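Here is a short report on one protein chain. It takes the annotation, the overall build, the sheets and the main pocket in turn.

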Amino acid sequence: MAGVAGNQPLYICRNCKNPIALRSDLLSKAFIGKSGPAYMFSHAMNIIAGQKEDRKLITGAYSVADIYCCNCGEILGWKYLRAYEMQQKSKEGKFIIETAKIAKEY
């Protein structure tokens with residue numbers, strides 16, 4: 001797998017080991033997902049996005065899409081599609097992935 005990330009650590013699906021995100025795309029470890037701690041990434045790979053839906057989260061209202069591993073179908077978190085509050089616009093296009101669903105690989 002190291003060839004995929006060019007010798008940098010990456011995060012893989014805990015269920016099937018599919019590469020999900022590069023360590024260099026990790027933006028924050030200070031998020032909470034549906035089942036606990038979560039990370040924010042600028043990019044994610046090997047995922048499928050579900051249907052767009054409006055959701056009220058801790059920091060406001062957003063349009064989001066749940067994201068799933070493209071290999072095993074495990075729900076990983078969500079993608080922010082639109083923030084309805086100006087101070088939250090920086091989250092648009094970013095991915096929240098629950099730490100319970102991924103593992104770090106070196």
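## Annotated span and overall build

The UniProt record, an unreviewed entry, lists residues 9–106 as "domain: Yippee". The model described here is predicted. Within it, the end C-alpha atoms of residues 9–106 lie 4 Å apart. That span is 0% helix and 61% strand.

The protein chain as a whole has 1 helix and 9 strands. Read from the N terminus, the elements run α-β-β-β-β-β-β-β-β-β. The radius of gyration is 13 Å, close to the 13 Å that the globule rule gives for 106 residues, so the chain is as compact as a globular protein of that length. The C-alpha trace spans about 40 × 25 × 20 Å along its principal axes.

## Two open sheets

The strands form two antiparallel sheets, set out below.

| Strand order | Number of strands | Edge strands | Average turn between neighbours |
|---|---|---|---|
| S2-S1-S9 | 3 strands | S2 (19–22) and S9 (102–105) | 30 degrees |
| S3-S4-S8-S7-S6-S5 | 6 strands | S3 and S5 (47–57) | 30 degrees |

Take the sheet of 3 strands. Its order is S2-S1-S9, and it is open. Strands S2 and S9 are its edges, and each pairs on one side only. Strand S1 covers residues 10–13 and pairs with S2 over 3 bridges, in the antiparallel sense. Leu10 stands opposite Leu22 in S2. Direction ignored, neighbouring strands of this sheet are turned by 30 degrees against each other on average.

Now the sheet of 6 strands. This sheet is also open, and its pairing is antiparallel. S3 lies at one edge and S5 at the other, each pairing on one side only. Neighbouring strands here are turned by 30 degrees on average, again with direction ignored.

How many residues lie between S3 and S4 in their hairpin? There are 2 residues between these strands. S4 spans residues 36–41, and 5 bridges join S3 to it in an antiparallel run. Across the pair, Ile32 stands opposite Pro37 in S4.

## The largest pocket

The largest pocket holds about 160 Å³ of space. Two elements each give two or more residues to its lining: strand S3 (26–33) and strand S7 (75–83).

Which strand gives the most to this lining? S3 does, with 3 residues. Ala30, Phe31 and Ile32 are among the lining residues. Leu57, Ile58 and Thr59 also line the pocket. Trp78, Tyr80 and Lys91 complete the list.

What is the make-up of the lining by class? It has 7 nonpolar, 1 polar and 1 charged residues.

Ile32 links two parts of this account. This residue lines the largest pocket, and it stands opposite Pro37 in S4. S3 likewise recurs: it is an edge strand of the sheet of 6 strands, it forms a hairpin with S4, and it gives the most to the pocket lining.

How values were computed
Residues numbered from 1 in each chain as written. Predicted model: local features only at pLDDT ≥ 70, side-chain atom pairs only at ≥ 80, totals over all residues. Heavy atoms only, no water. 1 Å grid on protein atoms, 1.4 Å probe; cavity = no way out; pocket = protein on both sides within 12 Å on 5 of 7 lines; lining within 4 Å. Points joined across faces, edges and corners; volume = space filled by probe spheres on them. Nonpolar A, V, L, I, M, F, W, Y, C, P; charged D, E, K, R; others polar. Pairing = 2+ DSSP bridges. Axes fitted to C-alpha atoms, helices over the stretch in contact; angles between N-to-C directions. UniProt positions renumbered as here; feature names shortened; annotations may be inferred. Rg over C-alpha atoms; globule rule 2.2 N^0.38 Å.
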